[in-house]
Every structure is written in structure tokens, then in C-alpha cells.
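I opened this notebook to keep track of what I look up, one entry at a time. My plan is to begin with charged side chains and then to step back to the chain as a whole.

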Amino acid sequence: MTEALIDPVRICAAEDLLDGGAGQRMSATYVGGEAVVFFVRYGGEVYGYLNRCAHVPMELDWVEGQFFESSGLYLMCATHGAIYEPDTGKCVGGPCRGGRLRPVRVEERDTPEGRAVFWLPDGDLRPTQP
Ligand code: FES
């Protein structure tokens with residue numbers, strides 16, 4: 001069975017994501033349940049993940065949209081302090097060391113309104129309103 005293609009979802013203007021700065025959240029469904037995906041910029045590139053810690057299935061950001069710890073080098077779960085590499089989603093410290101965030105596909109595209117960030121949904125992780 002081929003999977004139905006889902007249209008890319010515009011997340012924000014490219015300039016809204018600053019390197020090591022606040023992320024953008026978007027509602028999603030994951031395996032049929034409510035979820036959130038998030039997008040951040042790191043080393044000039046945009047990365048996106050399911051907002052769910054590999055330790056306990058909780059959202060990472062305590063203050064909404066704040067995913068980076070103070071150095072801007074790692075994503076951090078506010079609950080027990082797990083840290084993740086922003087470019088791979090790999091947990092490199094904390095209780096779920098060796099675990100991973102679930103990545104989402106992301107692309108920057110030029111649009112008539114300017115450069116923008118798009119989520120390319122795949123698998124069981126879908127936009128809430130397709
Ligand atoms: S829930 Fe994220 S570190 Fe425990």
C-alpha cells in the first residue's frame with residue numbers, strides 16, 4: 001500500500017528562526033494521538049522534531065518555544081535536563097543518553113512571500129489539519 005502524500009506545511013518565515021534561538025511549534029497527530037512538532041535553526045540549517053522527550057513522553061520546552069539550553073549548542077528537556085544534539089536529535093546527556101528525538105523532514109523554500117520553512121510530514125506524524 002502506498003502512503004498518501006501530504007502537502008508540505010508552512011511553518012514560518014525563514015527569518016523567524018534564529019540560530020540557537022526560539023523554536024516554532026506546530027500541532028500534530030502522532031499515531032492518532034495529539035502531539036506537537038517543533039523547528040529550530042542550528043549552524044544555519046533548520047531541524048525539526050517531534051516535541052517528545054526520549055526519556056518520558058513529555059514536551060521538551062518548559063517556556064513555550066525555548067528548546068535550546070543557555071549556550072545555544074544543545075536542545076534541552078526542561079523536565080530532567082536531557083540534552084540533545086540539534087542536528088541529529090541524539091541524546092548526549094541525561095537520563096535517556098543514547099536515545100533520540102523523532103526527526104521530521106524540513107525544507108526551506110523560496111515563496112512569493114519570501115523564504116519560508118516547510119514541514120514535509122511523513123509516517124504516522126501528521127499535521128492536525130491536513
Ligand atoms: S522527561 Fe525529558 S529528561 Fe526526563
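How exposed is R25, buried, partly exposed or exposed? I found that R25 has a relative accessibility of 23% and therefore counts as partly exposed, and I keep in mind that I am reading a predicted model.

**Entry on R25 and E64.** I looked next for a partner and found that R25 forms a salt bridge with E64, with 3.8 Å between the closest N and O atoms. That is inside the limit, because a salt bridge asks for a side-chain nitrogen of Lys or Arg within 4 Å of a carboxyl oxygen of Asp or Glu. I noted that the two are 39 residues apart and that the pair links distant parts of the chain, since R25 sits in strand β2 (residues 24-30) while E64 sits in the loop between β4 (45-50) and β5 (75-76). E64 has a relative accessibility of 62%, so I list E64 as exposed.

**Entry on D122 and R102.** My second pair is D122 with R102, a salt bridge whose closest N and O atoms are 3.4 Å apart. Here D122 belongs to the loop between β9 (114-120) and β10 (125-127) and R102 to the loop between β7 (91-93) and β8 (103-111), so this salt bridge ties together parts that lie 20 residues apart in sequence. For D122 I wrote down 25% relative accessibility, which counts as partly exposed.

**Entry on E107 and R109.** I then turned to E107 and R109, which form a salt bridge with 2.6 Å between the closest N and O atoms. E107 is partly exposed at 32%, and R109, at 30%, is partly exposed too. Looking beyond single pairs, I saw that R25, E59, D61 and E64 are joined into one network by salt bridges that share partners. The count for the model comes to 7 salt bridges.

**Entry on the whole chain.** How many helices and strands does the chain have? I counted 0 helices and 10 strands. The chain of 130 residues has a radius of gyration of 14 Å, which agrees with the value near 14 Å for a compact globule, and its C-alpha trace spans about 40 × 35 × 20 Å along the principal axes. Buried residues make up 38% of the chain. About 7300 Å² is exposed, and carbon and sulfur atoms supply 49% of that area. Lastly, I noted 12 positive and 19 negative charges, whose mean positions are 5 Å apart.

How values were computed: Residues are numbered from 1 along each chain as its sequence is written. This is a predicted model: local features need pLDDT of at least 70, side-chain atom pairs count only at pLDDT 80 or more; totals for chains, interfaces and linings use all residues. Side-chain values use heavy atoms; hydrogens and water are left out. Helices (H or I, at least four residues) and strands (E, at least two) are DSSP runs, numbered from the N terminus. Buried means under 20% relative accessible area, exposed over 50%, partly exposed in between (1.4 Å probe, protein chains only). The radius of gyration is taken over C-alpha atoms; the globule rule is 2.2 Å times the number of residues to the power 0.38. Accessible areas come from the Shrake-Rupley method with a 1.4 Å probe; for residues, only the protein chains shown count as cover. Lys and Arg count as positive and Asp and Glu as negative; His and the chain ends are not counted. The place of a charge is taken as NZ of Lys, CZ of Arg, CG of Asp or CD of Glu.
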